[in-house]
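Reader: I would like a close look at a single part of this model, with the terms spelled out as you go. Please take one helix pairing and the residues around it.

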Amino acid sequence: MLGFDFKEIITIAMVLFAVIDIVGTIPIVVDLRQKFGHIESEKASIAAGIIMIVFLFVGEELLKLIGIDVHSFAVAGSFVLFFLALEMILGIRIYKEEASSSASIVPLAFPLIAGAGTMTTLLSLRSQFATINIIIAIILNIILVYAVLKSSARIEKLLGKNGLGVIRKTFGVVLLAIAVKLFAANVKGLFV
């Protein structure tokens, strides 16, 4: 059935959910809403989805163009995921986002939703999973991102600051384990 695998889709969706960390970015989304008044959830979600799917197909060719193989990129991606996980677990900021004058495409779609970590993860996942399963997982995540953006104020009230912190740290540990697995699976390919 064209490589369609429900278990793979769930795995990929969980990885992307942890990397995108839309629940963990609710405080940023709330702050953006206060600064700009209105957040264009539809526009941000569609733009992020398009960026992710395009990069999934074009990213590998871009790598080949500059002479980098997928295993090298996946190992580099595992380091990016490792540091993202550390940010989530320890509550520190290694990567600093630049200020923006609007709140739809930048900084929501890129780099918050479809940022460097997400792009790296997509190519790393492509080396292990079927493309159709990755696309379905991207779409599922974009639907979830849209729902979270639309109801971010309610979610923040419901979970509270402590609840958001617990969720962020939990997904940080999951992401750390994924980074280690990704490194272990691809590091052998560097020496073949």
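Author: What follows is a description of the contact between two helices, of one residue within it, and of an aromatic pair.

The model is predicted, so local features are given only where pLDDT is at least 70 and side-chain atom pairs only at pLDDT 80 or more, while totals for chains, interfaces and linings use all residues. Residues are numbered from 1 along each chain as its sequence is written, and side-chain values use heavy atoms, with hydrogens and water left out.

Helices are DSSP runs of H or I with at least four residues, numbered from the N terminus. The axes of helix H1 (residues 6-20) and helix H6 (residues 116-126) come within 9 Å and cross at roughly 160°, where axes are lines fitted to C-alpha atoms over the stretch in contact and angles run from 0 to 180 degrees between N-to-C directions. H1 is therefore roughly antiparallel to H6, a term used for angles over 145 degrees. The crossing of H1 and H6 is right-handed, that is, the near helix is turned clockwise from the far one by less than a right angle.

On the H1 side, the contact (heavy atoms within 4.5 Å) is made by Ile12, Val15, Leu16, Val19 and Ile20, and on the H6 side by Gly117, Thr118, Thr121, Leu122 and Leu125. These residues divide into seven nonpolar, three polar and no charged, in a scheme where Ala, Val, Leu, Ile, Met, Phe, Trp, Tyr, Cys and Pro count as nonpolar, Asp, Glu, Lys and Arg as charged, and the others, Gly among them, as polar.

H6 is mostly covered, with nine of its 11 residues buried, meaning under 20% relative accessible area with a 1.4 Å probe and protein chains only, whereas exposed is over 50% and partly exposed lies in between. The buried residues of H6, among them Met119, Thr120, Leu123 and Ser124, pack against H1, helix H3 (41-65), helix H4 (70-90), helix H5 (105-113), helix H7 (131-150) and helix H8 (152-187).

Val19 lies in helix H1 and, at 9% relative accessibility, counts as buried. Beyond its neighbours within four places in sequence, Val19 is in contact with Leu81, Leu84, Gly117, Thr118, Thr121 and Leu175. Val19 and Met88 are 69 residues apart in sequence, and their C-alpha atoms are 9.9 Å apart in space.

Finally, Phe82 and Phe83 form an edge-to-face aromatic pair, 5.5 Å centre to centre with 80° between the planes; rings of Phe, Tyr and Trp (its six-membered ring) pair if their centres lie within 6.5 Å, and planes over 60 degrees apart count as edge-to-face, under 30 as stacked and the rest as tilted. Phe82 is partly exposed at 32% relative accessible area, and Phe83 is partly exposed at 40%.

Definitions and conventions:
Helices (H or I, at least four residues) and strands (E, at least two) are DSSP runs, numbered from the N terminus. Angles under 35 degrees count as roughly parallel, over 145 as roughly antiparallel, 65 to 115 as roughly perpendicular and the rest as oblique.
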